[in-house]
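Please read this report alongside the sequence and the model. It goes through the RNA surface, the sheets and the salt bridges in turn.

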Amino acid sequence: MTDIIEELKWRGLIYQSTDRQQLRGWLAEGPRVLYAGFDPTSDSLHAGTLLGLVALRRFQRAGHRPIALVGGATGMIGDPSGKSEERNLLSEDQLRANVAGIEAQIRRFVDFDDAAAGGSLVNNYDWMSRFGYIEFLRDVGKNFPVNVMMTKDSVKSRLGSGDGGGAGGGISYTEFSYMLLQAYDFAHLFEQRGCHLQVGGSDQWGNITAGIDLIRRRNGAEAYGMTWPLLTKSDGSKMGKTESGAVWLSAERTSPYAFYQYWINVEDADVGRCLRYLTELGREEIESLDAARVSAPERRESQRRLAESLTQLVHGDEGLAIAQRATEIFFGAEIADLSDAQLGSIFADVPSGELDRERLGGEGLPVVDALVEATLAGSKGEARRLLKQGGVYINNRRAESQEQMLTAADLASESTIVLRSGKKRYALLRFS
RNA sequence: GGGGGGUUUCCCGAGCGGUCAAAGGGGUCAGACUGUAAAUCUGAUGGCAUUGCCUUCACAGGUUCGAAUCCUGUACCCCCCA
C-alpha cells in the first residue's frame with residue numbers, strides 16, 4: 001500500500017483535512033473506500049474537474065477503492081458553493097443527458113470494471129429520488145441546526161448580497177438546502193458501502209464537514225474529509241479558462257489540438273503546479289523539469305510534458321498523435337500530400353468555405369478572391385493589403401505575389417487548400 | 001419654460017467652406033524580433049477598380065462652382081437659469 005498522503009503532500013494537493021494522523025493511519029491499514037462528487041451541470045467535464053478525476057485515480061492506484069458520484073439529484077438543486085448568484089434549474093432531460101456524458105468521461109480515469117480495483121460509479125438520483133419530503137426532513141433535516149448552516153461560507157457569502165437591494169442576490173431555500181443533500185450522500189455511502197472519506201476541491205469543505213457531522217449524529221461514527229487547493233494561475237485567475245470559454249474534456253467541445261495547446265501555453269510560473277496537481281509524473285521527473293525550466297526556459301520542456309501527458313490521459317494515444325501532428329502543421333510545416341480526412345481532423349476548429357471545383361480551372365482562382373471566400377479578409381482591399389505585407393500563406397508557404405492564381409496544383413489534399421493569414425489564423429477552402 | 005454646448009470613420013478625439021477618406025491616440029491586422037511568453041520596433045487600417053470612381057462626418061432639406069465645415073428643421077445627449 002503506497003502512502004497516498006505522502007504523495008498528495010509533496011504534490012501540494014492537501015489544502016484542508018480532518019486530523020492528518022488519524023487519516024493517514026486509517027488509509028495505511030488497507031484498501032479504503034472514499035468518494036468524490038461530480039456536478040452534471042454540463043454534458044462534459046472540463047479542466048477544472050480534472051483535479052478530482054486524477055485524485056480518484058491516484059487513490060485507486062495506491063490501492064484504495066474510489067467511488068465517483070455523479071450528482072443526478074443534487075444537480076437538480078445547484079450547489080451554492082463558490083457561486084455568487086442563484087442559478088437556473090436544469091431540466092430533467094438535460095440532466096439525464098449530462099449524467100450520461102459525464103459518466104463516460106469518468107471511466108477514462110477510474111477503473112470500474114476490475115472487481116479487484118474496486119472502483120464504482122454511482123448516481124445519487126438512485127437513492128435521493130425515492131425520498132419523500134417529510135421523510136427527509138424527519139430523517140436528515142433534524143440533524144442540521146440552522147445556526148451552524150448559516151456559518152458556512154457558501155451561505156454566508158450569499159446572505160450579505162441580498163439585503164443591500166442588489167438585484168437577485170441572496171440565496172433561495174432550495175440552494176440553502178443543498179448541503180443537506182450532499183451530506184446525506186456521504187452518510188448513505190457510509191452506511192451502504194463503508195465509505196469513510198470524502199475528497200473534493202477546497203470549495204467543498206463546508207459540504208464535506210456537513211456530511212461528517214451528519215455521520216457522527218446518525219451513526220455515531222467518525223468520517224474523514226480532505227480537500228485540494230483550487231487550481232489558479234499566478235495572476236489569481238482560474239486555470240482552465242480561455243477567451244472562448246472553458247477547456248472541456250470532450251473532443252467535440254475542445255478538440256484534442258486545442259486541449260494540447262492550452263497546456264503548452266501555460267505560463268512558466270504555473271506549469272510546475274500543473275505538473276504536480278494534474279499529471280502522474282513522478283517526483284524526480286517533475287523536479288528535473290523544474291531545474292530545466294530555470295536553465296533553459298526557452299525549451300519549454302515542462303509545458304510539453306504537461307500537454308503530452310494530459311492529452312494522452314484525456315484523449316488517448318490517438319488524440320495525442322493528432323494534436324501533435326496538428327501542432328507541427330500549425331507552426332509552419334509545409335502542408336502537402338495529406339488526405340481530406342487528415343486535414344479535417346487537424347483543422348477541426350478552423351473556419352472553412354465551400355467552392356465550386358471549376359473555379360480552379362482555366363486561369364485559376366485569384367488568391368485575393370480566395371482570401372475573401374475563406375473569410376480571412378473582409379474585402380478584396382484588405383486581402384491585397386495582407387498580400388502586400390507578406391502575411392498570406394498557401395498550404396503554409398508564403399504567397400509570392402498579389403496576382404497569384406490558385407489551381408488544382410495547389411490542393412493540399414483531394415479537395416482542400418489551406419490558407420493562412422499571419423502566424424496562426426487558418427482557413428480551409430474545399431472544392432467540390 | 002428660458003439660455004448655452006454637443007452628436008466625426010471600430011472607440012476616444014482633432015477638424016470649422018476647397019489641398020479631407022478626414023490629424024493624433026487606442027484597438028485591430030500584418031511584418032521584424034522572440035521561448036507558440038512579455039515588451040519593443042515597422043507598416044497598414046471605408047469600398048470597388050491599373051490613373052480614377054463610389055459611399056462616409058446624427059437625420060432631412062437648403063445656400064454654394066464646391067460643405068464634415070454655413071443656414072433651416074428633426075432626433076438624442078450634456079450644462080446653466082427658472
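## Contacts to the RNA

A polar backbone atom of E298 sits 3.5 Å from a sugar or linking oxygen of RNA strand B. The model is predicted. K380 also uses its backbone: one of its polar backbone atoms is 2.9 Å from a phosphate oxygen of RNA strand B. R384 uses its side chain instead, with a polar atom 3.4 Å from a phosphate oxygen of RNA strand B.

Which part of RNA strand B supplies 70% of its atoms within 4 Å of the protein? Sugar and phosphate do, and the bases supply the rest.

## The surface around the RNA

RNA strand B is surrounded by 26 residues. The closest are N265, D268, F331, S379 and R385. Sorted by class, this surface holds 11 polar, 10 charged and 5 nonpolar residues.

Three helices each supply at least two residues of the surface near RNA strand B: helix 12 (256-264), helix 15 (301-330) and helix 18 (380-388). Helix 18 gives the most, with 5 residues.

## The six-stranded sheet

An open sheet is built from 6 strands in the order 1-6-5-2-3-4. Its pairing is mixed. Strand 1 and strand 4 (120-123) are the edge strands, and each pairs on one side only. Strands of a sheet pair through backbone hydrogen bonds, either parallel or antiparallel. Strand 5 (residues 195-201) and strand 6 (residues 224-228) take the parallel sense, over 5 bridges. One position shows the register: Q198 has G225 of strand 6 as its bridge partner.

Two helices that pack on this sheet can be traced in turn. Helix 2 (residues 20-28) touches strand 1, strand 2 (33-38), strand 5 and strand 6. The direction of helix 2 makes about 105° with that of strand 6. Helix 4 (residues 92-106) also packs on the sheet, touching strand 2, strand 3 (65-70) and strand 4. The direction of helix 4 makes about 160° with that of strand 3.

## S17 on strand 1

S17 belongs to strand 1 (residues 16-17), an edge strand of the sheet. Which side chain does the side chain of S17 join in a polar contact of 3.0 Å? The partner is R20. Leaving out residues up to four places away in sequence, S17 touches L23, W205, G225 and M226. Of these, G225 is the bridge partner of Q198.

## The five-stranded sheet

Another open sheet has 5 strands, in the order 9-15-14-11-12. The pairing here is mixed too. Its edge strands are strand 9 (352-355) and strand 12 (397-398), each paired on one side only.

Inside this order, strand 14 (residues 416-421) and strand 15 (residues 425-431) pair over 6 bridges. Their sense is antiparallel. S421 stands opposite R425 of strand 15.

## Salt bridges

The count of salt bridges comes to 25. One of them joins the side chains of R61 and E280, at 3.4 Å from N to O. What does this pair tie together? R61 lies in helix 3 (residues 47-61), while E280 lies in the loop between helix 13 (268-278) and helix 14 (283-295). The salt bridge therefore ties together parts that are 219 residues apart in sequence.

Definitions and conventions:
Residues are numbered from 1 along each chain as its sequence is written. Chains are lettered from A and ligands numbered from 1 in the order in which they are written. This is a predicted model: local features need pLDDT of at least 70, side-chain atom pairs count only at pLDDT 80 or more; totals for chains, interfaces and linings use all residues. Side-chain values use heavy atoms; hydrogens and water are left out. Helices (H or I, at least four residues) and strands (E, at least two) are DSSP runs, numbered from the N terminus. A polar contact is a pair of N or O atoms within 3.5 Å; within protein, one must be able to donate a hydrogen and the other to accept it, and residues adjacent in sequence count only if both atoms are side-chain atoms. Contact means heavy atoms within 4.5 Å. Two strands pair if DSSP finds at least two bridges between them. Axes are lines fitted to C-alpha atoms, for helices over the stretch in contact, and angles run from 0 to 180 degrees between N-to-C directions. A residue is near a molecule or strand if one of its heavy atoms lies within 4 Å of it. Ala, Val, Leu, Ile, Met, Phe, Trp, Tyr, Cys and Pro count as nonpolar, Asp, Glu, Lys and Arg as charged, and the others, Gly among them, as polar. A salt bridge is a side-chain nitrogen of Lys or Arg within 4 Å of a carboxyl oxygen of Asp or Glu.
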